Amino acid sequence: MDLRGKTALITGSSRGIGRAFALRLAEEGMDIIVNYHSRKKDAEEVVSLIQMKGARAIAIAADVSDYSEVERMVWQGRESFGKIEVLINNAAIHRGAKIHKLAPEDWDVVIRSSLYGAYNCCHLVVPDMIDSGWGRIVNIASPVGLRGYPGDGAYSAAKAGLIGLTKSMARELGLNGITVNAVNPGFVVTEMVQALSPSNIETIKANIPMGRACEAAEVAEAVAFLVCKGDHVTGSIYSVDGGIGI
C-alpha cells in the first residue's frame, strides 16, 4: 500500500523503540508527528533524520496522560498534515516494586501513561480514521501484560489493560476499515532498561530462548508490517521477544 501523504502519530518517539518506529514509517513516505514529553532536543533530532529521508515531520510536546494536552497535540498535528490515520501508542513510564512497597503515586503514573495515554489518543484520533474509512492503530504492550513479572504489578496491569483495549477496539472498528493490533517487544536495551543493574540485565538475557536482547529495528519491522501490509490482521498480539514471553 502506498502510504505517502498519510499521517502517523507516534507517542513517545523521541528515543528508544518509538524513535525506531518513527524512522521506519518515514521510509514509507508518511508524515510523522514525533511526540515527546520533555526531551525536545532528542525529538528535534528525530525530525531532522526523518526529513533527511525525504519525509515530513513535526515534533510536538505533550503528556499523553493529560487529555487536554493530547487534544492540543492532535489539533496541531491536523493543522500541519491533515487527518491522522495511523496511531502508534508507545509512550510509557515504568515504576517497579512489589505490591506492598509500590507507592500509590507510582502505580498511578504507570497506569496513566500507558492506559490513559492510549485511551486519550484513540478517543481523539479515531474520528479521523472513521471519516476516512481507513486507519491503523498499533498499541505497544509487553510480555509482562500476558504473564506478569515479580515487582512489575503496575506495568503488567497497564499492559494487560492495553491488550484488552486492543481486542475491544478491533471488534468495534473493523467495519470502519480500521485495524487495531498490539506488539509485545521483548527485552530491548533502551535507556529505560539501562536503569537496571548489570546483574539483573544478565539474568533477563539468560531467560531469553534466543539468547540475546531484541533490537529496536526488529520491533519496528513488526509495526511497519501491521501498518503497511496487515490489511486483514486485527485484534492480534504480535510478540517480537526472542521467546521470552513463552
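This short talk walks through a sheet, the helices beside it and one buried arginine.

Some ground rules. This is a predicted model, where local features need pLDDT of at least 70 and side-chain atom pairs count only at pLDDT 80 or more, while totals for chains, interfaces and linings use all residues. Residues are numbered from 1 along each chain as its sequence is written, and side-chain values use heavy atoms, with hydrogens and water left out.

Start with the sheet. Seven strands form an open sheet, in the order 3-2-1-4-5-6-7, with parallel pairing. Strands here are DSSP runs of E with at least two residues; helices are runs of H or I with at least four; both are numbered from the N terminus. Two strands pair if DSSP finds at least two bridges between them. Strand 3 (57-61) and strand 7 (237-240) are at the edges, each with a single partner, so one side of each has no neighbour in the sheet. From one strand to the next, the twist averages 20°.

Now zoom in on one pair. Strand 1 (residues 7-10) and strand 2 (residues 31-36) run parallel, joined by four bridges. Alanine 8 sits opposite isoleucine 32 in strand 2.

Next, helices on the sheet. Helix 3 (residues 67-81) lies across strand 1, strand 2, strand 3 and strand 4 (84-89). Helix 3 runs at about 160° to strand 3. Angles go from 0 to 180 degrees between N-to-C directions, and axes are lines fitted to C-alpha atoms, for helices over the stretch in contact. Contact means heavy atoms within 4.5 Å. Helix 6 (residues 153-173) also packs on the sheet. Helix 6 touches strand 5 (135-140), strand 6 (178-185) and strand 7, and makes about 160° with strand 6.

Helices also meet each other. Helix 1 (residues 16-26) packs against helix 8 (residues 216-228) at about 50°, with axes 9 Å apart. The two are therefore oblique: under 35 degrees is roughly parallel, over 145 roughly antiparallel, 65 to 115 roughly perpendicular, and the rest oblique. Ile17 and Phe21 are among the helix 1 residues in this contact; Val219 and Val223 are among those from helix 8.

Last stop: arginine 136, in strand 5. Buried or exposed? Arginine 136 has 3% relative accessibility, so it counts as buried. Buried means under 20% relative accessible area, exposed over 50%, partly exposed in between, with a 1.4 Å probe and protein chains only. Leaving aside neighbours within four places in sequence, arginine 136 contacts residues including Met1, Glu85, Thr179 and Asp231. The C-alpha atoms of arginine 136 and threonine 179 are 5.1 Å apart, yet 43 residues separate the two along the chain.
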